[in-house]
Amino acid sequence: MAEETTTEAHTYPPSEQTTQYANAKADLYEQADADFEGFWADQARKYVTWGTDFDQVLDWSDAPFAKWFVGGELNVAYNCVDRHVEEGNGDRVAIHFVGEPGDERDITYAQLKDEVCKAANALSELGVSKGDAVAVYMPMIPETIIGMLACARLGAPHSVVFGGFSSDALRSRIDDCKAKVVITADAGYRRGTPSPLKPAVDKALEKADGGSVEKVLVVNRGDTDPEMKEGRDVWWHDVVDSASTEHTAENHDSEHPLFILYTSGTTGKPKGILHTSGGYLVQTAYTNSVAHDVHPGEDVYWCTADVGWITGHSYIVYGPLANGVTQVVYEGTPDSPHKGRWWEIAQNKGVTVFYTAPTAIRACMKWGDDIPAKFDLSKIRILGSVGEPINPQAWEWYREHIGHDEAPIVDTWWQTETGAIMISPLPGVTDLVPGSAQKPLPGIAVEIVDDEAKPVERGQTGLLVVTKPWPSMLRGIFGDNERYKQTYWSRFENLYFAGDGAKFDEDGNIWVLGRVDDVMNVSGHRLSTAEIESALVSHDRVAEAAVVGATDDMTGQAVVAFVILREGGASDEDQEKLVQELRGHVGNEIGPIAKPKSVMIVSELPKTRSGKIMRRLLKDVAENRDVGDTSTLTDSSVMDFIKNNLQAKK
Ligand code: PRX
């Protein structure tokens with residue numbers, strides 16, 4: 001670790017040209033330090049057009065429940081679309097869409113405005129009004145963005161469920177937020193073939209409690225001719241295409257709910273993270289401007305995330321569109337039909353700002369330097385990383401092979417809960433340190449503390465906390481204020497507990513070290529150990545399960561499961577089959593991303609005398625480390641058994 005946190009040999013100061021061109025100037029930090037609320041008021045008026053100006057920047061009197069830009073009213077969709085048209089930029093391309101099969105569509109801001117208005121009118125016709133929740137279960141196509149913006153326009157909070165999640169996961173989210181309408185597609189393209197989505201919606205709704213869903217709006221993407229339920233299911237092309245392009249955007253309160261996005265926590269039940277309108281839009285637009293350094297009208301920006309995750313919400317939909325940016329939206333995977341697909345698209349569309357995850361960078365590294373070398377990436381001027389720590393080696397590769405040894409890399413730390421980037425270098429301002437997210441952005445205050453909430457010394461590992469509220473902070477967990485307080489605000493008084501370990505190096509750069517709770521990070525996706533454990537025990541042959549996230553070179557962490565079978569166990573032959581069945585079962589219950597990389601059938605799990613599973617020991621085994629002190633175990637021979645068994649299987 002010591003050499004990783006030595007910064008001298010490895011800093012990359014900004015070029016003169018980057019500094020001159022950059023949106024962020026060094027004095028931004030001083031401005032924010034001098035007057036915290038004044039700084040945010042300035043950003044709010046700079047990046048957002050308010051229907052009614054706010055009269056108070058922050059109301060923290062009911063902490064930890066924040067209100068930002070109090071008294072202000074705005075329409076988020078108006079900010080993302082209409083105002084750009086009114087300002088004379090209607091002909092600017094908003095979205096360069098590239099479908100996986102190769103179909104392409106350019107959508108200008110004027111066209112986007114028409115489409116959003118039509119979708120808002122159609123949703124109203126289907127019974128959606130202000131305050132009604134709408135679930136979105138979609139592939140990465142323009143209609144997903146149009147649907148989200150139409151909801152925002154109406155003041156109907158959307159809840160996007162990643163298209164890779166199972167019908168069970170979709171059902172529990174629909175039930176929790178009581179969605180009135182589901183927007184979906186028949187299918188989305190994945191590695192050359194249409195992968196169905198609509199059947200999962202049908203299955204979810206069969207089992208849904210309460211039957212909150214009245215209508216299902218279906219986009220025909222894959223021509224797969226899905227079953228359409230009479231009276232409930234309607235085609236997008238029937239109701240949206242014929243709707244009027246006239247729709248007046250009503251202003252909503254700054255604190256009006258914009259969306260609920262479910263994410264994994266430490267228990268088996270996903271949390272509905274609630275974000276509201278004004279503060280969220282201000283911080284996503286501000287950070288997209290200063291950290292990604294987008295110049296609307298000049299840059300071609302591309303964030304490779306799926307819209308089902310927070311990165312897609314904040315840095316495909318809201319931040320860039322509020323800024324009037326031109327962006328690429330790509331439906332498929334980076335290696336379909338060939339491993340240079342991303343770079344081919346970047347070349348063809350002239351991408352200048354590119355934002356992706358370390359796991360993807362590591363995959364590209366593995367595929368070989370010659371692949372990006374075949375394409376002209378000379379226009380790329382800013383690179384970004386998000387989702388997990390980026391190892392210095394991947395950082396250097398990214399800079400050299402994608403950023404032609406020049407483009408600054410911004411390693412951006414944030415979470416579903418923070419809504420927008422919190423820690424990141426600023427292009428043109430910061431001397432870059434490979435592998436470190438470096439500094440809180442101007443206007444953001446973080447600290448690294450020990451268990452007693454005391455700031456740790458430089459070089460010491462501690463817990464990352466946010467010490468002041470921020471505009472795009474979550475406003476709660478939907479329907480569960482207690483859990484919100486408990487999860488984020490009970491560990492330390494008045495400090496937001498992020499759940500990550502971190503340290504400062506001797507130059508004050510922050511190194512985020514990963515989760516300190518039972519949340520895993522697999523390929524930049526958040527998964528809960530408890531959720532996968534409960535999926536495993538829902539299989540009728542499993543009595544008990546323990547899941548750990550083991551360090552993995554490619555995916556950051558990998559899911560490793562240990563299971564005890566019910567009465568009867570399994571013969572050796574049967575075990576192999578059962579392991580595959582259990583992996584598939586988790587895939588069906590949660591989604592393919594949650595499938596354990598390995599499942600180990602054991603006869604006992606290491607437990608403390610009070611009966612708690614010692615995951616730390618299982619993690620040691622899964623990562624091939626020597627198992628440390630086992631004296632608190634009820635039966636220390638359990639560990640020898642597990643270890644020997646695991647080695648025999650390798
Ligand atoms: O552990 C941190 C890691 O991802 C977690 C948040 O996951 P999620 O809510 O799914 O949001 C991911 C995209 C914003 C964090 O608690 N994480 C995210 N970005 C970084 C990171 N870890 C290290 N460095 C980062 N840049």
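Rings of Phe, Tyr and Trp (its six-membered ring) are taken as a pair if their centres lie within 6.5 Å, with planes under 30 degrees apart called stacked, over 60 edge-to-face and the rest tilted. In this structure, such ring pairs link F36, F39, W40, Y47, W50, F54, W68, F69 and Y286 into a cluster. The model is a predicted one, where local features need pLDDT of at least 70 and side-chain atom pairs count only at pLDDT 80 or more, while totals for chains, interfaces and linings use all residues. Residues are numbered from 1 along each chain as its sequence is written, and side-chain values use heavy atoms, with hydrogens and water left out.

First, the overall picture. The chain has 20 helices and 30 strands (DSSP runs numbered from the N terminus; H or I with at least four residues for helices, E with at least two for strands). Along its principal axes, the C-alpha trace spans about 75 × 65 × 55 Å. The radius of gyration, taken over C-alpha atoms, is 24 Å, close to the 26 Å that the globule rule (2.2 Å times the number of residues to the power 0.38) gives for 650 residues, so the chain is as compact as a globular protein of that length. Buried residues make up 61% of the 650 (buried is under 20% relative accessible area, exposed over 50%, partly exposed in between, with a 1.4 Å probe and protein chains only). As for contacts (heavy atoms within 4.5 Å), 70% of those with a separation of 6 or more come from residues 24 or more positions apart.

Back to the rings. By the pairing rule, the count comes to 33 aromatic pairs. One of them joins F36 and W68, whose ring centres are 6.2 Å apart with planes at 65 degrees, so this pair is edge-to-face. F36 sits in helix α3 (residues 36-47) and W68 in strand β2 (residues 65-70), so the pair ties together parts that are 32 residues apart in sequence. F36 counts as buried at 15% relative accessibility, and W68 does too, at 0%. The rings of W68 and F69 have centres 5.6 Å apart and planes at 50 degrees, so that pair is tilted. F36 also has a charge over its face: K468 lies 4.6 Å from the ring centre (the rule asks for NZ of Lys or CZ of Arg within 6 Å of the centre and within 35 degrees of the ring normal). Elsewhere, R173 lies over the face of F165, at 4.7 Å from the ring centre.

Next comes the nonpolar core (buried Ala, Val, Leu, Ile, Met, Phe, Trp, Tyr and Cys residues joined through side-chain atoms within 4.5 Å). The largest has 161 residues, and those with the most contacts inside it are W40, L112, L149, Y318 and I532. Helix α6 (residues 142-154) gives the most to this core, with 8 residues. Leaving out residues up to four places away in sequence, Y318 touches several residues, including M148, L149, A152, F259 and Y280. A second, separate core of 28 residues includes V300, W302, W343 and I380.

Finally, E623 is found in the loop between α19 (615-622) and α20 (637-649). E623 is buried, with a relative accessible area of 16%. Setting aside neighbours within four places in sequence, E623 is in contact with G549, A550 and T551. E623 and A550 are 73 residues apart in sequence, yet 5.7 Å apart in space, C-alpha to C-alpha.
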